[in-house]
Amino acid sequence: MKFSCKISIATTSPSGASHPAPKPCHSTIGLGYFGPEKKDSKGDGQSKVLFLKICSDKNKGGVRYKATSNIRAMFHRFATSQGRATVALHFPKIDIHISEASPGELCQMLSVLRLPADKQRKLDNLSSLSDLSVAKKPVRRLQVASTADYQSALQDLPSSLEKFSAVSCALTELDTRILKLASLCQINVSKNCLTEVPQVEEWPKNLQYLDLSDNKLSVLPRDFCESTLNASLVVLNLSGNALEWLPGNLCQLESLACLDVSRNGLQELPHSIGALKKLRELDASNNRLTYLPQSLTQLHMGNLSLAGNHFPSPQEISRRGWPAESQWSAVPSLMEMCAVRVVSRRIPYKEPFPWLLKLYLDSSEPCLCGKPVFGDNALWCVKFMPFRNIAGGGSYSGSSAGEPVMVAICSGRCYEKYKHHLYPVPQLKD
């Protein structure tokens, strides 16, 4: 039983105080026997003794410590899932601090150390530690510079890989074998020729950074936002592609804090973007936006960049012949009445729940009066709001009138109340 990890050893004074531990170093720790198994004359294996052997970069020959009847304490509660534990010995009086270990292998070793001495001697699945040596340091980063290097790397991807980079390699697709690396937390495949995002449900569960900038992506599939990325992805870079729309379920990326969609052809941002409560940076510059969604005003961002879009001024929007009285239904539908009650009273709706109804409820927008409005019975207007109401900082040089924000009006009464500040939704001119 052996595995790679980082280990630091701290000595303990006779009074029980532990001295500061040195910096952890890459090591291999093993649990087993030394040399051939020795048995007494009765053949019951009473002379078998377990040892811990630690080989490190500083001491490749290794040091062994008796384990049987020599464990003073083990500290691992709430830490084994992170690959951390501490094993304290009676002799010598030391504390062995283990970190960055495989949680499964670490738990297996600790379970053996917890066994009584008589049960430890009966274990037959532990091998000799005579040939234990320092394992090769695990590969954490991999950077390829050409298509040939990329194809070669795919043949032997290290399972310990955490950061993968393939920039300017003329890639036309991202191989799904990369997405099966459980430890992967960063992927950078910018400046390639990717035309689509892999449509897989299982992405690396620890993936926090994904850079797909400067490719040829024209569509971001809905499946991408419904995958396992919705709980892990923090930074998403989609700049420099050919995207015209973003999926409405983008709000399912609950951990997203930084989104870059600059230098695309986006005509609008998803109305549900305000559901990204952790979003702190948004770069939507150099697109074809003519207005902003109202839900964006609900976020508290540190940086919002909107330069280089097609935002009109109030003087450029004509109000002639607007609005038409037929834009409001005389009587709301039963579904709308129920949905208004659910949203306004914040009644929770979770699984199992009909997904069509969930989509309908998620599509609600607040009217300027505060009442929830649904798309089938609303007048969509534009209200110019100051930039400071949208974000705390950012790069945008707009007019003093503010930025056009799309808002929903629930009824003719609300329109009459706010009409002096409302404009029709501007149409995109090719």
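A residue counts as buried here when its relative accessible area is under 20%, as exposed when that value is over 50%, and as partly exposed in between. Keep that in mind as we walk through this structure, which is a predicted model.

Let's try the cut-off out on Gln-120. This residue sits in helix 2, which covers residues 117-120. Its relative accessible area is 3%, so Gln-120 is buried. What does Gln-120 touch, once residues up to four places away in sequence are set aside? The list is Tyr-33, Leu-50, Thr-68, Val-112, Leu-113 and Leu-115. There's also a long jump along the chain to look at: Gln-120 and Ser-69 are 51 residues apart in sequence, yet their C-alpha atoms are 9.8 Å apart in space.

Now step back for the overall picture. The protein has seven helices and 21 strands. Of its 430 residues, 44% are buried. If you take the contacts with a separation of 6 or more, 49% of them come from residues 24 or more positions apart.

Where do the buried nonpolar residues gather? The largest nonpolar core has 68 residues, and Phe-224 and Leu-282 have the most contacts inside it. Several elements give two or more residues to this core: helix 3 (147-154), helix 4 (222-225) and helix 7 (412-418), along with strand 9 (163-166), strand 19 (379-385) and strand 20 (403-409). Strand 20 gives the most, with four residues. If you zoom in on Phe-224 and skip its neighbours within four places in sequence, you'll find it in contact with Val-197, Trp-203, Leu-210, Leu-229, Leu-233, Leu-236 and Leu-253. There's a second, separate core too, made of 26 residues, and Leu-31, Leu-50, Ala-85 and Ile-98 are among them. You've already met Leu-50, one of the residues that Gln-120 touches.

Next, have a look at Val-144, which you'll find in strand 8 (residues 141-144). Is Val-144 buried or exposed? With 6% relative accessibility, it counts as buried. Leaving out residues up to four places away in sequence, Val-144 touches Asp-149, Tyr-150, Ala-153, Phe-164, Ser-165, Ala-166, Val-167 and Cys-169. Take Ala-166 from that list: it is 22 residues away from Val-144 along the chain, but the two C-alpha atoms are separated by 5.1 Å.

On to a pair of helices. Two packed helices are described by the angle between their axes and the distance between the axes. Here, the axes of helix 5 (residues 334-344) and helix 6 (residues 355-362) come within 10 Å and cross at roughly 70°. Angles of 65 to 115 degrees count as roughly perpendicular, so helix 5 is roughly perpendicular to helix 6. The crossing of the two is right-handed. Which residues make the contact? Helix 5 brings Met-335, Glu-336, Ala-339, Val-342 and Val-343, while helix 6 brings Leu-357, Tyr-360 and Leu-361. Sort them by type and you get seven nonpolar, no polar and one charged.

Met-335, which lies in helix 5, is worth a closer look. Its relative accessible area is 44%, so Met-335 is partly exposed. Apart from its neighbours within four places in sequence, Met-335 is in contact with Leu-357 and Tyr-360. The C-alpha atoms of Met-335 and Leu-361 are separated by 9.8 Å, with their positions 26 residues apart along the chain.

Finally, let's visit some loops. Phe-91 and Pro-92 are joined by a cis peptide bond, with omega at about -10°. Pro-92 belongs to the loop between strand 6 (85-89) and strand 7 (94-99). Lys-191 isn't a glycine, but it has a positive phi of about 60°; look for it in the loop between strand 10 (186-188) and strand 11 (209-211). Asp-214, not a glycine either, has a positive phi of about 55°. This residue lies in the loop between strand 11 and helix 4, and at 25% relative accessibility it counts as partly exposed. One last stop is Asn-59, in the loop between strand 3 (51-56) and strand 4 (63-66). Asn-59 is partly exposed, with a relative accessible area of 33%. Asn-59 and Ser-27 are 32 residues apart in sequence, and from C-alpha to C-alpha they are 9.1 Å apart in space.

Notes:
Residues numbered from 1 in each chain as written. Predicted model: local features only at pLDDT ≥ 70, side-chain atom pairs only at ≥ 80, totals over all residues. Heavy atoms only, no water. Axes fitted to C-alpha atoms, helices over the stretch in contact; angles between N-to-C directions. Parallel < 35°, antiparallel > 145°, perpendicular 65-115°, else oblique. Left-handed = near helix turned anticlockwise from the far one by under 90°. Contact = heavy atoms within 4.5 Å. Nonpolar A, V, L, I, M, F, W, Y, C, P; charged D, E, K, R; others polar. Core = buried A, V, L, I, M, F, W, Y, C linked by side-chain atoms within 4.5 Å. Buried < 20%, exposed > 50% of the residue type's maximum accessible area, 1.4 Å probe, protein only.
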